[in-house]
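Visitor: I am new to this structure and would like to be led through it slowly. Could we take it one question at a time?

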Amino acid sequence: MRIEEMIAAIQAQLGLDVDGKAGPQTWGAIYARIVQKKIDGQPPALAIATVDARSEKAIATLLPQVQPMARALVQKAAAAGITIRVLSGLRSFAEQDALYAQGRTAPGPIVTKARGGYSNHNFGIAFDVGVFEGNRYLADSPKYKAVGVLGMDLGLEWGGSWKTIVDQPHFQLRPAWAMDLSERDMLAEMRSRQAAGGPVFA
Ligand SMILES: [Zn+2]
């Protein structure tokens, strides 16, 4: 049996979304089953300790399902000797449009291909990290790859593994309903869910 099959079988048994990756959801459910049901009154998956203040500011803008993943990634990186901070999370459609204008109708370099509503950042499922050495931010570092592997292990999608626009600081959590959808179809569904005032993730 492959390790991912083993994790998938445990997830199925626990009634979780099955992706074969053991992140806060899976570990939280195992903890609740064999250690205790709550940690400080919260379900274990939601009780992952907070991280540094700068990261927490960005994490606060993410969907509740994504927040523990971001914290777990910061903690996993720290355990591997890499300091990262979460630098950005949710962007409104208007903020996305302003970013899209950059390098096109506004000054500065082009930084995105996505207009408002066409970025996963517009729905609270995506965040970007920065690698730091002490207080110094590193825009480029081989450590981004190491962090990418840690993120994928947790069940996050990593922008560094994309074929088209490689985006090493970028991570996102795909909702279970979107497992078999293309990026484009997932975004379309999130736009329509949001427009209808429904939950984007559940
Ligand atoms: Zn991003």
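Visitor: Which residues does UniProt list for "domain: Peptidase M15C"?

Guide: The model before us is a predicted one, and the name of this domain comes from an unreviewed UniProt entry. Over the stretch in question the chain is 20% helix and 27% strand, with the end C-alpha atoms 20 Å apart. The entry lists the domain at residues 115-173.

Visitor: Where does UniProt place the feature "domain: Peptidoglycan binding-like"?

Guide: This feature, too, is taken from an unreviewed UniProt entry. Its stretch of chain is 63% helix and 0% strand, and the C-alpha atoms at its ends lie 16 Å apart. The place given in the record is residues 4-30.

Visitor: Which residues are the protein donors of the zinc ion?

Guide: The donor atoms lie 2.0 to 2.1 Å from the zinc ion, and along the sequence the donor residues follow the spacing H-x6-D-x41-H. Written with their atoms, the protein donors are H121 (NE2), D128 (OD) and H170 (ND1).

Visitor: Is the zinc donor D128 buried or exposed?

Guide: A residue counts as buried when its relative accessible area is under 20%. H121, another of the zinc donors, has a value of 3% and is therefore buried. For D128 the relative accessible area is 15%, so this residue is also buried.

Visitor: With which side chains does the side chain of Q172 make polar contacts?

Guide: Q172 sits in strand β5, which covers residues 170-172, and it is buried, with a relative accessible area of 0%. Leaving aside residues up to four places away in sequence, Q172 touches N120, I125, A126, L156, E157, W162, E183 and M186. Among these neighbours, a polar contact of 3.1 Å links its side chain to that of E183, and another, of 2.8 Å, joins it to the side chain of N120.

Visitor: Is G134 buried or exposed?

Guide: G134 belongs to the loop that runs between β2 (126-133) and β3 (136-138). Exposed means a relative accessible area over 50%. The value for G134 is 55%, and therefore G134 is exposed.

Visitor: How many Å apart in space are G134 and T112, C-alpha to C-alpha?

Guide: Along the sequence, G134 and T112 are separated by 22 residues. Taken through space, from C-alpha to C-alpha, the distance between G134 and T112 is 29 Å.

Terms used:
Residues numbered from 1 in each chain as written. Predicted model: local features only at pLDDT ≥ 70, side-chain atom pairs only at ≥ 80, totals over all residues. Heavy atoms only, no water. Helix = DSSP H or I, 4+ residues; strand = E, 2+ residues; numbered from the N terminus. Buried < 20%, exposed > 50% of the residue type's maximum accessible area, 1.4 Å probe, protein only. Polar contact = N/O pair within 3.5 Å; in protein donor to acceptor, adjacent residues only side chain to side chain. Contact = heavy atoms within 4.5 Å. UniProt positions renumbered as here; feature names shortened; annotations may be inferred. Donors = N, O, S within 2.8 Å, 3.2 Å for Na, K, Ca; no water.
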